[in-house]
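Me: I have a model open on my screen and would like a close look at one part of it. Could you walk me through that part and its surroundings?

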Amino acid sequence: LPTINDILDWAGRKVGLLGIETTNVLIRDVVKDTFDAVQWMADTKGVRIKQVLVDGSLKIMGNMGDLRKMLVNLLDNAVKYTPSGGIVTLSIQKINNEVKIEIADTGIGIPESELDKIFTEFYRSENAKQSTQYGTGLGLSIVKRIVDAHKGNISVSSKLGKGTNFTVLLPAS
């Protein structure tokens, strides 16, 4: 069950039990694994996932499992909170010495007053709580810890009722 795994992962990271073993990771491998994990949910909901991978040879010095978990959490949320007929777009490109990963959706959005709280453990926005979607409030907290462990940066912009855009910048290798 994903929620139990989220709680165990969060707890391990919180107390520092999960060390990060890094290798050169091809972004296209992370993307392929991730799409295999979330495509069924998108198909079931009638949400289209579009990917724009500018350069398939892009690499990050990182942990494949953690990078996959980061992307799965972000894409899963995007699909979960996007209504049928909506679009989730994943775009990846290299800008200077960084790999820029963007996940944009046409979903319910996040109220502006709550954007600064979404990476807090167990936090869920009010409109997310009112939706029929279940969540622990740990996914984005775990994503933030993974991005931080990879010496990266994550930002979010959103318009209520129009969608959300997460941007992750990670050092390229």
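Me: Where is the place of Asp 76, and which residues does Asp 76 touch, leaving aside those up to four places away in sequence?

Reply: Happy to take you through it. Asp 76 has its place in helix 3, and please keep in mind that this is a predicted model. The relative accessible area of Asp 76 is 21%. Since buried means under 20%, Asp 76 counts as partly exposed.

Now for the neighbours. Not counting residues up to four places away in sequence, Asp 76 touches Val 38 and Met 41. Both of these partners are listed among the buried residues of helix 2. Gln 39 is worth a look as well: the C-alpha atoms of Gln 39 and Asp 76 are separated by 9.3 Å, although their positions lie 37 residues apart along the chain.

That brings us to helix 2, which runs over residues 27-45 and has 19 residues. From its first C-alpha to its last, helix 2 reaches 26 Å, close to the 27 Å expected at 1.5 Å a residue. Helix 2 also bends by about 40°, and the bend is at Val 38, one of the residues that Asp 76 touches. Just after helix 2 comes Gly 46, with a positive phi of about 80°.

Along with Val 38 and Met 41, the buried residues of helix 2 are Ile 27, Val 30, Val 31, Thr 34, Phe 35 and Ala 42. What do they pack against? The partners are helix 3 (64-80), the helix of Asp 76, together with strand 1 (23-26), strand 2 (48-53), strand 3 (59-62), strand 4 (87-95) and strand 5.

Helix 2 and helix 3 also come together around an empty space. The structure holds one cavity of 30 Å³ or more, and the largest cavity has a volume of about 40 Å³. Its lining is made up of Ile 27, Val 30, Ile 60, Leu 67, Met 70, Leu 71, Ile 92 and Ile 101. Helix 2 and helix 3 are the elements that give two or more residues to this lining, and helix 3 provides the largest share, three residues. Ile 27 and Val 30, which you met among the buried residues of helix 2, are part of that lining.

If you step back, you can place this region in the whole protein. There are five helices and seven strands, and along the sequence they follow the pattern α-β-α-β-β-α-β-β-α-α-β-β. Of the 173 residues, 45% count as buried. Among contacts with a separation of 6 or more, 71% are between residues 24 or more positions apart.

One more feature elsewhere in the chain may interest you. A search of the whole structure finds one aromatic pair, formed by Phe 119 and Phe 166 in an edge-to-face arrangement, 6.3 Å centre to centre and with 75° between the planes. The pair links distant parts of the chain, with Phe 119 in the loop between strand 5 (98-105) and helix 4 (126-130) and Phe 166 in strand 7, 47 residues apart. Both Phe 119 and Phe 166 are buried.

Notes:
Residues numbered from 1 in each chain as written. Predicted model: local features only at pLDDT ≥ 70, side-chain atom pairs only at ≥ 80, totals over all residues. Heavy atoms only, no water. Phe/Tyr/Trp six-rings, centres within 6.5 Å; stacked < 30°, edge-to-face > 60°. Helix = DSSP H or I, 4+ residues; strand = E, 2+ residues; numbered from the N terminus. Buried < 20%, exposed > 50% of the residue type's maximum accessible area, 1.4 Å probe, protein only. Expected span 1.5 Å × (residues − 1). Bend = angle between axes of the 7 residues up to and from the residue. Contact = heavy atoms within 4.5 Å. 1 Å grid on protein atoms, 1.4 Å probe; cavity = no way out; pocket = protein on both sides within 12 Å on 5 of 7 lines; lining within 4 Å. Points joined across faces, edges and corners; volume = space filled by probe spheres on them.
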